[in-house]
Amino acid sequence: MEDDSEPEQSSWAYLPDVCLRHVFHWLDDRDRSRAALVCKKWSCAMHSGSLWRCRTITFYGQPSRARTLEFQSALWYTKKFGKYLKHLEIKLSNPYNTPFIKKFQVIMRGLLSHLGKCNSHLVSLSIKYLELDCLIWRNVVRAQFIKNLAAFLKRMSNQLDYLNLKGARITLEEGCELLNSLSSLTNRSFISEINIEDFFSLHLSVYSSALFHQTMSKFHRLTILTFNYNCISDELLDILRERSSHSLCTLNIKCHIHDPHGQVVSGMSWANLAKRAPKLNVNFFFERVMKHDHLARILLEEIPVRSISLRSCYFSDPDWTMRPTLTNLLPAYWHGLQKLTLELNNDHELLDNELLQLILSCKRLLFLKVWAFLSVSFMERLLQNRAERKCILTTIKVRIYTAQDDSTEEERLLADIYRKFKYLIDSELNYFVITYPMV
């Protein structure tokens, strides 16, 4: 006798659409395309817009076969489902010659043109480390790329909320052209977050440029601005106060030794901005700017500083004495400093006492990262103070530099300290401490 009953269906057939889309979300492009062949329902899930809102396309300088296929797939699907795209990230990995850059420019021209015609949802664009000042960018190719990008930004200006062009390294005029594209339709922009760290070429005194000030005056709703200290001036702070004080929350400021940073900025300008923007927090990142007189000119007490990072990048200089910075400058931020990073080659001065006193004076300090020449006993004193609730640190990451190859004894002492404070460390701290020979 024949069985006319329907074949029993898998439980997957009854999976709600929202759950099926969640499963598809975790699949890569290749697995998604295979799963879409299973049945009509799965094919419909494949075409769900929620799966294609975020895309990353990586251009590899010298790709393997697998990476070539990955790139081709990412580019194809970005174009096919481009109308759903909300967040796009473009990465350049090891661009090594002019033909590669030319190919990148041509592909980007086509991609940006396609998205400009079909997409009305893009809110986030990131293209980092273009390094347009490198010789592999021929003038014609560079000019064409900037033109295409400017046209795309102009078309997307009413919807973009986040732009990251970190590491573009372009001229002042080219940089302002790109930023002006965001406001060219209405002469004002309401984008909320911009990252222009290392956006301009090295050695440019952007702070004195009237063109830059005019460009920045068109932004009326900035929430987060990431940039270099060579852009800072009284004029810029006044512009931020007048245009974005109601929304401004964070300024991330990088100060590099090769960027101009000798300009005089008034403490009153900072005070006026902080008064009008009560939610403002400022994060400083110093690279090889370590001399006290240089730092004193920048770190004014009127600035609402939340985070400070001082990195010497393994360079050592007897003129870089950190003691007055730890004892005179940084304590001014005792009421607001929450994160402190110090990477110092301080082989010419011991800073245990000064650093500990600074930590205890900063009442809101939660995060501490130190790479420096310290005694092992510093860690015991720090943990003892933390156990006595004299500070509120939740993260402690320390690399103790030593002048000897063999740090066995220091490692043994650190192990003893860990055992002594094991309950505190395991229950309350994100804790990582090692020794590191600097020979």
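Select N230 to begin: the side chain of N230 reaches the backbone oxygen of L204 at 2.8 Å, a polar contact in the sense of a pair of N or O atoms within 3.5 Å, where within protein one must be able to donate a hydrogen and the other to accept it, and residues adjacent in sequence count only if both atoms are side-chain atoms. You are looking at a predicted model, in which local features need pLDDT of at least 70, side-chain atom pairs count only at pLDDT 80 or more, and totals for chains, interfaces and linings use all residues. Residues are numbered from 1 along each chain as its sequence is written, and side-chain values use heavy atoms, with hydrogens and water left out.

Stay on N230 for a moment. N230 sits in the loop between strand 6 (224-228) and helix 9 (234-244); helices (H or I, at least four residues) and strands (E, at least two) are DSSP runs, numbered from the N terminus. With a relative accessible area of 3%, N230 is buried. Here buried means under 20% relative accessible area, exposed over 50%, and partly exposed in between (1.4 Å probe, protein chains only). Not counting residues up to four places away in sequence, N230 touches L204, S205, V206, Y207, D259, P260 and Q263, with contact meaning heavy atoms within 4.5 Å.

Next, pick C231. C231 counts as buried, at 1% relative accessibility. Why is there no bond from C231 to C176? The sulfur of C176 is the closest cysteine sulfur to that of C231, but at 9.1 Å it is too far for a bond. Now move to C19, which is partly exposed at 34% relative accessibility. The closest cysteine sulfur to that of C19 is in C39, 15 Å away and too far for a bond. The structure as a whole holds zero disulfides (pairs of cysteine sulfur atoms within 2.5 Å).

Now select residues 352-361, helix 13. Seven of the 10 residues of helix 13 are buried, so this helix is largely enclosed by the rest of the structure. Colour D352, E354, L355, L356, L358, I359 and L360 to see the buried ones. What do they pack against? Show helix 12 (323-329), strand 10 (339-343), strand 11 (367-373) and helix 14 (376-387) as their partners.

Strand 10 leads on to L342, which lies within it. L342 is buried, with a relative accessible area of 1%. Leaving out residues up to four places away in sequence, L342 touches L310, L326, L355, K369, V370 and W371. For a longer view, draw a line from L342 to A277: these residues are 65 apart along the chain, and their C-alpha atoms are separated by 28 Å.

The last residue stop is T435, in strand 13 (residues 430-437). T435 is buried, at a relative accessible area of 8%. Its side chain makes a polar contact of 3.1 Å with the side chain of S407 and another of 2.5 Å with that of E411. Beyond its neighbours within four places in sequence, T435 is in contact with I400, T402, S407, E410, E411 and L414.

Finally, zoom out. The chain comes to 16 helices and 13 strands, and its C-alpha trace spans about 85 × 70 × 45 Å along the principal axes. Buried residues make up 49% of its 439 residues. Among contacts between residues at least 6 apart in sequence, 79% join residues at least 24 apart.
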